[in-house]
Every structure is written in C-alpha cells, then in structure tokens.
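Please open the model in a viewer and keep the selection panel at hand. The tour proceeds by selections, each followed by an account of what is to be found there.

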Amino acid sequence: MSSTTQAKPLANAVPRRRKPIRLSTVLKYVALTIGALISLFPFYWMFILATHPSSAIFKFPPDVLPGDRLGQNIGTITSKINIWAAMGNTLVVAVSVTVLALIIASLTAFTFAKFDFPGKRGLFLIVMATFLLPSQLASIPQFLFMSKLGWTGDLKALVFPSLASAFGVFWLRQYATSSIPTELLEAARMDGCGFFRQYLHVCLPIIKPALAFLGMFTFIGAWNDFMWPLIVLTDPSKLTLQVALSQLKTAHGSDYGMLMASALIAVVPLIIVFIIGAKQFIAGIAEGALK
C-alpha cells in the first residue's frame, strides 16, 4: 500500500508535454488578426479625424494619434443642430420598430413553419413577392396613406410601415422549420398548450439566435434609414439622426472634423447594439448545441 501511495504523487509530478504549435495554426491566427485590424481601421480613422480640425484631412503624412478637438467639434455640431433630440427620436423609432417587427415576424414565421391552413403556400408567395419589390416604389402610397391617417410629420409614420418585414418572416420561417421538432409541439399540445403557449414556451427559446440576428439587422436598418424620414417628417423637432446630420453639410464647404465627430456619435450606439446582439447570438447557438 505504501509503495502504491508513493507512486501516485510521483506519477502526478511528471510534467505533461505540451503539444507543438503547428505552423498552420500560427498562420490562421495571424490572418485573423490582420483581418480584424483591417476591419477596425476605418473606425479608428474616423475617431482620429473627429479629434482634429478639418485641415488634418489633407495633411501628409497624416496624424495617427488623437487630437484635442473632439469637444470643440461636438460643440460645433450642437450649435448647428439639436443632435441629442434627433438621437432620442431615432432611438425611439429603432427600438419600437425592432421590438414590434420581431413579434410580428416570429408569430408569422412560426405559423408558416409549423401549421397547415388553406392558402398557406399562396400567402407565403405573396409575402416573398413583397420582398422582391424595391422599397422606393412604396414611398408614394405610404405617404398618401400616412396623410390620410394624419400621421405626416409624426414618428408613428416611421414605425408602422416598417413592422411587416418579408425578410424577417422568411429568415425566421427557415430557421423554425429546421430547428423546432414537430414531436416537441405535439407533446406540448398533449399537455394542453394552445398556440400562444407553444409560441412562448417552445418556439421563442429555440429561435433565440435567429431573433438576435434579425434584431440587430432591423435595428441597424431603422437607425440608418434616411429616405423615408426625409420624405415624411415635416416637424424640425421630430427629425431623426440621419436627416439632422445631413443638414451639417453645406454647399460652401464642409468641416470634415465636425462631420467625422457626427459620424462617430451616430455609430457608437450601433457598435453597442452589435456587441450585445452578437453576445446573445453566440450564447443562443451554444445553448442550442448543448440541448
């Protein structure tokens, strides 16, 4: 017994050999690092220009370190437009569109994916047909409809036309068809679950990764929308961020430092949403893999 107990610590004390690092692994990480730096460089360069005067745009060699003009450039922006009110308007529109569009698209996709009803194929083809049409074709009918409702110039005119997303229905339907087991829904029905309980307790937890992607896609699209807000908004206090920022560029010249500072303000919320959404997207995939 004593020799055996003495052999165990000796065996544990023997250091394990590390696996040799392959050249292909090193090259893979080098390539990923270079790709990440190339992708991040435009954001870094935008930040650098936002901290310098307009003359730094044409300077050679260019400045690669931050300057001290960021506060002054932001002050110039706020003196010309009410950027914080515009950002608040855009945030209200983007969040409202994202939440309501996710609810409507997920309900529609779940119905198309897992339920049979008369005219199912024809209705889905109609939804896909609207996806093929350019959004610009709907501008005039939408504007006339908003005028009839008396919503012209109000933020409601930006929210409700964006709620029905053909891409969202298609994306979630494809995901739900392949990821939600029919046997699981049948078991839920046997337990007395109706449509909405199946949707809440079976569908939503499974399609969480697809919802995270669609949420990011919808939020970014609503945040960056320019043409429709430019057409329908008439009240200066209700302008969205992209429309308000377009007023900074004049025909007599542009302050590029100010423009880069405004672009920086506009892109920071998108980066935050992307970080949060990507985390949920990856977590949902990992959760689904474990299940």
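## The whole chain

Of the 291 residues in the protein chain, 32% are buried. The model is a predicted one, and every stop below should be read with that in mind.

Colour the chain by secondary structure. The protein chain contains 14 helices and 0 strands, so that the pattern along the sequence reads α-α-α-α-α-α-α-α-α-α-α-α-α-α. Next, display the contacts in the protein chain with a separation of 6 or more: residues 24 or more positions apart account for 73% of them. With the surface switched on, the accessible area of the protein chain comes to about 18,500 Å², and carbon and sulfur atoms hold 69% of that area.

## First selection: the largest nonpolar core

Select Ile77, Trp223 and Leu241. These residues have the most contacts inside the largest nonpolar core, which has 37 residues. To see where this core is drawn from, highlight helix 2 (23–50), helix 4, helix 7 (156–159), helix 11, helix 12 (227–232), helix 13 (241–246) and helix 14 (256–290), each of which supplies at least two of its residues. Helix 14 gives the most to this core, namely 8 residues.

Centre the view on Trp223 and show its surroundings. Leaving aside residues up to four places away in sequence, Trp223 touches Met87, Thr90, Leu91, Ala94, Leu241, Gln242, Ala266, Pro269 and Leu270.

Apart from the largest core lies another core, of 25 residues; Phe112, Val169, Ala188 and Ala210 are among them.

## Second selection: the aromatic rings

Show the side chains of the aromatic residues. A search of the whole structure finds 14 aromatic pairs. How are the rings of Phe110 and Tyr199 arranged? Their centres are 6.3 Å apart and their planes stand at 45°, so the pair is classed as tilted. Phe110 belongs to helix 4 (residues 83–114) and Tyr199 to helix 10 (residues 195–206), so this pair ties together parts that are 89 residues apart in sequence.

Is Phe110 buried or exposed? Its relative accessible area is 0%, and Phe110 is therefore buried. Tyr199, at 6% relative accessibility, counts as buried.

Now select Phe167 and Phe217, which form a tilted aromatic pair with 4.9 Å from centre to centre and 40° between the planes. Phe167 lies in helix 8 (residues 166–179) and Phe217 in helix 11 (residues 208–224), so the pair ties together parts that are 50 residues apart in sequence. Phe167 is partly exposed, its relative accessible area being 21%; the limit for a buried residue is under 20%. Phe217 is partly exposed at 47% relative accessibility.

Return to Phe110 and Tyr199 and add Phe115, Phe195 and Phe196 to the selection: these residues form one aromatic cluster. Then move to Phe124, where the charged end of Arg173 sits over the ring at 4.3 Å from its centre.

## Third selection: the cysteines

Select Cys193 and Cys203. How many disulfides does the structure hold? There are 0. A disulfide is a covalent bond between the sulfur atoms of two cysteines. Cys193 is buried, with 17% relative accessible area, and Cys203 is buried as well, with 1%.

## Last selection: three single residues

Select Gly71, which is found in helix 3 (residues 70–80). With a relative accessible area of 55%, Gly71 is exposed. Add Met258 and draw a line from C-alpha to C-alpha: Gly71 and Met258 are 10.0 Å apart in space and 187 residues apart in sequence.

Proceed to Asn89 in helix 4. Asn89 counts as buried, with 12% relative accessibility. Which residues does Asn89 touch, not counting residues up to four places away in sequence? Asn89 touches Leu155, Ser237, Lys238 and Leu239.

The tour ends at Arg189, which is found in helix 9 (residues 182–190). At 37% relative accessibility, Arg189 is partly exposed. Residues up to four places away in sequence aside, Arg189 touches Lys114, Phe115 and Gln198. Of these, Phe115 was met above as one of the residues of the aromatic cluster.

Note on methods. Residues are numbered from 1 along each chain as its sequence is written. This is a predicted model: local features need pLDDT of at least 70, side-chain atom pairs count only at pLDDT 80 or more; totals for chains, interfaces and linings use all residues. Side-chain values use heavy atoms; hydrogens and water are left out. Helices (H or I, at least four residues) and strands (E, at least two) are DSSP runs, numbered from the N terminus. Buried means under 20% relative accessible area, exposed over 50%, partly exposed in between (1.4 Å probe, protein chains only). Contact means heavy atoms within 4.5 Å. Accessible areas come from the Shrake-Rupley method with a 1.4 Å probe; for residues, only the protein chains shown count as cover. Rings of Phe, Tyr and Trp (its six-membered ring) pair if their centres lie within 6.5 Å; planes under 30 degrees apart count as stacked, over 60 as edge-to-face and the rest as tilted. A charge sits over a ring if NZ of Lys or CZ of Arg is within 6 Å of the ring centre and within 35 degrees of the ring normal. A disulfide is a pair of cysteine sulfur atoms within 2.5 Å. A nonpolar core is a set of buried Ala, Val, Leu, Ile, Met, Phe, Trp, Tyr and Cys residues joined through side-chain atoms within 4.5 Å.
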